[in-house]
Amino acid sequence: MSNSESKDVILIGAGVLSTTFGSFIKDLAPDWNIKLFERLEKPAIESSNERNNAGTGHAALCELNYTVEQKDGSVDVEKAKEINEEFEISKQFWSHLVKSNQIQNPQEFIRPLPHISFVQGPRNVNFLKKRFEALSTVPMFKEIEYTEDHNKIKEWMPLMMEGRDPNETIAASKINEGTDVNFGELTRKMASNLAKQDNIDMYYKHEVLDFNRRKDGKWEAKIKDLRTKKIEHHIADYIFIGAGGHAIPLLQKTGIPESKHLGGFPISGAFLVCNNPEVVAKHEAKVYGKEPPGTPPMTVPHLDRRYIQDHNSLLFGPFAAIGPKFLKNGSNLDLFKSINPSNVLTMVSSAFKNFPLVKYSIQEVLAKKEDRMKELRRFVPDAKDEDWDIHVAGKRVQVIKDTKEHGRGYIQFGTEVVNSKDHSVIALLGESPGASTSVSVALEVLEKNFPEYMDKWTPEIQKMIPSYGKSLIEDEALLRQVRQASASELQLNNV
Ligand SMILES: Cc1cc2nc3c(=O)[nH]c(=O)nc-3n(C[C@H](O)[C@H](O)[C@H](O)COP(=O)(O)OP(=O)(O)OC[C@H]3O[C@@H](n4cnc5c(N)ncnc54)[C@H](O)[C@@H]3O)c2cc1C
């Protein structure tokens, strides 16, 4: 097959990842045929929905888990630089979609919001100070401010200072260039743009059940129309599994060697939400604290102002819990069905190896509203029970796998691209930082799986993402230029 031939692509799932990848293919290979299958009735109902995630534009401005304290006491900021660059890449791509009029009204999905880190106790204060000193020498974080002064912190986050002991040792750092992102709205905009194209078909209420590899090397997907209950078969050169929590079970259905010795550990997220306008008005930032010792990054507590459509609210959490479902709208059999002879040892080893996580999750399952309010009061000392309600958010399925480096049953945090050797099956597994880095993940998929097209596609990608192929970490002038262009296109300066 020559690389000038048109191809058939099946995208599974209408979340932020499939719609982002589909948006790239649409522009890079406009004559390819795309079919997107989604088991629910609309795009962005699962993790990408604005009420199922925290909407943080993860740029490592406030998340303390990206700046790790080393044994010698220094703070390593390399991961923070990477995450920041990835978010700049996302903003450039979204700007391209706006500029080319593929999506409109960016303020409906991205808004400026200061990002603050907040710590308590002398040890954590010492860490935050060192983190501030390390970050302020890096061009991408140059605007960072730091204070231990209660009055200054009160200016930054008044709600969190009401009723606080004036002698408490606390510190905060702030970067104003943070964002709140409505990933649901972004996904819906990308999905409706895809639906307008002649050679892209969107099938809602269609569940992908199984796959069959044909003799000619193409894939046949078995799909159920959930409205008519009829089974359909669709043929494709490429299968892209962007099915969120269901990506692991679907990958297992392909039977490719890369799907073996792989399991999933579902963790649901819950938040305390406040809709009282008087309380909401006193907090206009995303404030990230430090995660409880021995727990994974997704347990980092944070108090966020959210803008969802025209509604302003506050959100605190996340509280984690184990449950057998892989999707919010999934089945209680998901976890058990995903265990098979090739991964049972992987899963069992994982439970032993990650005992602190298991213990933490059990504690979280048993936690009542008052336990969660107690956590909240570390952030908002005067929080009143009647102002806050529990909201169950989306699911994350952490990848469990055997690796040479970490042995059997290693839990991986982060998004992972898995593909068959011949690149005809591509699956996106895992979560955090998730939606914020969806554009970098889509680029990684293109580079890894479509090398024969990259000579042709690279100039096109550079038109969409001016920094593509260059380093925003090394090139400060370019960083300033793309930041300014994105801020202007996404209307981040004038909301
Ligand atoms: C509590 C929580 C907080 C988070 N906070 C943030 C945050 O602040 N910032 C951030 O950047 N990220 C955050 N994330 C991560 C982010 O939400 C996810 O990484 C991202 O939304 C994943 O997108 P996706 O497209 O892979 O999956 P999803 O949005 O889950 O979409 C997958 C789709 O596939 C469909 N599907 C599944 N199986 C099938 C099938 N067999 N056939 C057809 N369709 C199928 C599903 O119905 C679903 O619509 C958070 C996640 C959680 C759970």
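How far apart in helix H14 are Lys-463 and Glu-460?

**Figure 1. A salt bridge along helix H14, between Lys-463 and Glu-460.** Like the other views here, this one comes from a predicted model. Lys-463 and Glu-460 sit three residues apart in helix H14 (residues 454–464), so about one helical turn separates them. Their closest N and O atoms are 3.2 Å apart. As for surroundings, Lys-463 is exposed, with 61% relative accessibility, while Glu-460 comes out as partly exposed at 32%.

**Figure 2. A buried pair, Asp-304 and Lys-286.** Here the two side chains meet in a salt bridge, at 2.9 Å from N to O. This pair links distant parts of the chain: Asp-304 belongs to strand S17 (residues 302–308) and Lys-286 to strand S16 (residues 286–288), 18 residues apart. What about accessibility? Asp-304 has a relative accessible area of 0%, and Lys-286 also has 0%. Since buried means under 20% relative accessible area, both residues fall in that class.

**Figure 3. Arg-39 and Glu-207, a salt bridge between a loop and a strand.** The closest N and O atoms of this pair are 3.5 Å apart. Arg-39 lies in the loop that runs between strand S2 (33–37) and strand S3 (68–69), whereas Glu-207 is part of strand S11 (residues 206–213). The two residues are 168 apart in sequence, so their salt bridge ties together parts that are distant by that count.

**Figure 4. A salt-bridge network of Glu-50, Glu-108, Glu-185, Arg-188 and Lys-189.** Instead of an isolated pair, this close-up shows five residues linked by salt bridges: Glu-50, Glu-108 and Glu-185 on the acidic side, with Arg-188 and Lys-189 on the basic side. For the wider tally, the structure holds 27 salt bridges.

**Figure 5. Gln-92 in helix H2, and what it touches.** Now for a residue outside the salt-bridge theme. Gln-92 has its place in helix H2 (residues 78–99). Is Gln-92 buried or exposed? Its relative accessibility is 3%, so Gln-92 counts as buried. Setting aside neighbours within four places in sequence, Gln-92 is in contact with Met-464, Ile-465, Pro-466, Ser-467, Leu-472, Val-482 and Ser-486. For a sense of scale, take Ala-29: this residue is 63 residues from Gln-92 along the chain, and their C-alpha atoms are separated by 20 Å.

Terms used. Residues numbered from 1 in each chain as written. Predicted model: local features only at pLDDT ≥ 70, side-chain atom pairs only at ≥ 80, totals over all residues. Heavy atoms only, no water. Salt bridge = Lys/Arg side-chain N within 4 Å of Asp/Glu carboxyl O. Helix = DSSP H or I, 4+ residues; strand = E, 2+ residues; numbered from the N terminus. Buried < 20%, exposed > 50% of the residue type's maximum accessible area, 1.4 Å probe, protein only. Contact = heavy atoms within 4.5 Å.
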